[in-house]
Amino acid sequence: MQGSPLDESLVQQWKLFLEDYYKKDIETIALSYPNNRSLIIDYDKLDKACPNLANNLVSNPSNNLFNAEEAIKDIDTAIGNIELHFRIENLPDICKVNLRDIRVEHVGNLISVDGLVKKRTEILPEPVIGAFKCQKCGAMINEEQTFSEFLQEPSECYENQGGCGRASTFKFIENKSILIDTQRIQIQEHPEGLRGGARPKKITVLLEDDLVDCICPGDRVCINGILNLIQRKKGSHTLKSSMYVIDACNIELKEHSYEEIEVFEEDRKKILELSKDPDIYSKIRNSIAPAIYGLDVEKELLSFQLFGGVPKTTSDRTHIRGDIHVLLIGDPGLAKSQLLHNVFRITPRSILCMGRGSSGAGLTASVVKDDFGDGQWTLDAGVLVLADMGMACIDELDKMRDSDRDAIHPAMEQQEIYISKAGINATLKTRCAVLATANPKLGRFDEYGSIHEQINLPSTLISRFDVILPIIDKPDTDLDSCMANHILSVHCNPNDDNIVPAINPEFLRKYIAYAKQNIKPVLTDEAEREIHNFYVKIRNMSHKSITITPRQLEALIRLSEASAKIRLSDKVSFDDAKRAIFFIDYYLKKVGFDFETGILDYDRIATGRSHSQQERMRIINSIVTRLCSESLDGWTKFDDIMHEAEIKGINESIVEISLERLKKENMVEQRGEKYKVII
Ligand code: ADP
Ligand code: MG
């Protein structure tokens, strides 16, 4: 901390404390000095040993940090005196501040804030002591650089440094200055601390020297440091208002995902009791979005997703994800978004966004030049990175930006993103489950058509999802009447018992946290056999050249592990396997079953087109070809095509889809109402 006065008695106090308690650490650091150049002090230890000094540190931090660093310089080590950074961890509760509550009164204080790293700039060298050449007499004058974005020139050509004493203009001499590496990061509030829908508050943190490059966007950190102000400029004017910035003196990384959720002894008893409840599956299912009527399979699947499978690392260090990715597609107005919001509220560490992405970073990550980095390159974390170790809830995934389309593949499967651009190299972790919704392209879902043609997403991306559930709107008098009653009652008595979840969300979160922390179920022989048989069976049922992919097999394993986790069981039983098979079967029937031929057509899921669709496209193509050859100008009208298609029993929406597809493949050209084959 530059700019603080040297205080001999304070230096002595720190020296005594450090010699008594940290002599060994300093000696150890000396062995690897200057690669290691930070001494980390535990506040608890300081408080126990010298409560006065501890108090002093909190009430007057910059002064104490500066003098403590001076004290380190005085301590003899095997390699003589060394200069170390004084870093402090485990700050007491009085220093803890929520990002949201930071105010002017905290400026100059030592504070401890928790946050999620959103952005990170390049590493830039900055002068700590600037060397300036006087343009009048040529003397070299040093000026200590205090906390500011701008270079501070000497106010005059200091006589005590051999200068002429006059006010002068100065030239900055970089290679005579003392430089230090700096990096700026932006942290934002933890999403789980936010009340529904609130936008996270953000703050800039300055890192210096050995703190640079030690954290990545997506990391959860606790920053200890001094709150300062930074002036903002607009052109050549300094703005009246400043910006808060934390000058970091220590960073603690928080690794574990569910550590924010404390499970106490009394909770543990209740959790274990609930796990033995024979109705546990339906209880958990009914705790998800109780205001939404029906959709039981969907809700049950989401409850499995909340628990997830078991992540594994093979001996060759391949990462196999445990997270279950779910895609809900279907007609508008069927509570897809509602379900997604509900899951978001239950899941710890979850991030909710629209497919478009709410910030510049989109779904994955980006390297941009923006205001934050002052025109420097900044690495900005997107949704999947911020949701690391949690869940990314993405509404209307089909509206995602083109820039995300490629990067999202490895983010979902390998669960990391490798960024290399403009001198920024980073590997960002995206170990999160993805829950996404998508609307059909043509407004309504056609259950006879392939899902790939109906949603605006690449097949490769669709295949990354373990389970895809189409939600289709079909009028059904009984169901409609029940649903109407339910919705009406929700609107008339929002506090009614019927809409209170079976398990309250608070406790459910603890239950999930407990399962995730403690339960790593393993497949039993019976479960393995059952999954194996089912897999082989469907592979046999599909066409010779067509197969279901091993991805579905992995999905089965993950789902059955989740099923065991719900019961808090270490073993994946036969019944768990059966539950998993139910979902895959349900999903395959819904999306892969070819309603015209009655054959399960898994090719449709894998490649995006079924045989009979290919057949239909061929028919439409031949109709267009024939009509064009019969017409005078070589063009044919939609109505004529439709007329011919109807004779062959092909309905209008399929003709539309097929024509779209033919156009995309450059086989047919459209001009207004008219079509022509391209030969
Ligand atoms: P989507 O995202 O599928 O287009 P929304 O989630 O926005 O649909 O839902 C539209 C509205 O209809 C919401 O207010 C929702 O509560 C209501 N709704 C739809 N289906 C149901 C249902 N099964 N039970 C209760 N409300 C429903
Ligand atoms: Mg919606």
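Let's start at E646, which is found in helix α21. Keep in mind as you look around that this is a predicted model. The side of E646 that concerns us is its surface: the residue is exposed, with a relative accessible area of 54%. Because a patch takes residues with over 30% relative accessible area and no salt bridge, that 54% for E646 clears the area cut-off.

E646 does indeed belong to such a group. Together with D639, D640, E652, E656 and E673, E646 forms a negative surface patch. Two helices each supply at least two residues of this patch: α21, spanning 638–647, and α22, spanning 652–664. Of the contributors, α21 gives the most, with 3 residues.

Now let's turn to the cysteines. The structure holds 0 disulfides. C95 is one of the cysteines in no disulfide, and the nearest cysteine sulfur, that of C249, is 9.9 Å away. C95 is also buried, with a relative accessible area of 1%.

C164 makes a useful second stop. Its nearest cysteine sulfur is that of C137, 3.6 Å away, yet C164 is in no disulfide either. Why is C164 left unpaired? A disulfide needs the two sulfur atoms within 2.5 Å, so the 3.6 Å between the sulfurs of C164 and C137 does not meet the cut-off. As for its surroundings, C164 is partly exposed, with a relative accessible area of 24%. That value lies in between the two limits, because buried means under 20% and exposed means over 50%.

Terms used
Residues numbered from 1 in each chain as written. Chains lettered and ligands numbered in written order. Predicted model: local features only at pLDDT ≥ 70, side-chain atom pairs only at ≥ 80, totals over all residues. Heavy atoms only, no water. Patch = residues over 30% accessible without salt bridge, like charges linked within 9 Å, V, L, I, M, F, W, Y side chains within 5 Å. Areas by Shrake-Rupley, 256 points an atom, 1.4 Å probe, with all protein chains shown as cover. Salt bridge = Lys/Arg side-chain N within 4 Å of Asp/Glu carboxyl O. Lys, Arg positive; Asp, Glu negative; His and termini not counted. Charge placed at Lys NZ, Arg CZ, Asp CG, Glu CD. Helix = DSSP H or I, 4+ residues; strand = E, 2+ residues; numbered from the N terminus. Buried < 20%, exposed > 50% of the residue type's maximum accessible area, 1.4 Å probe, protein only.
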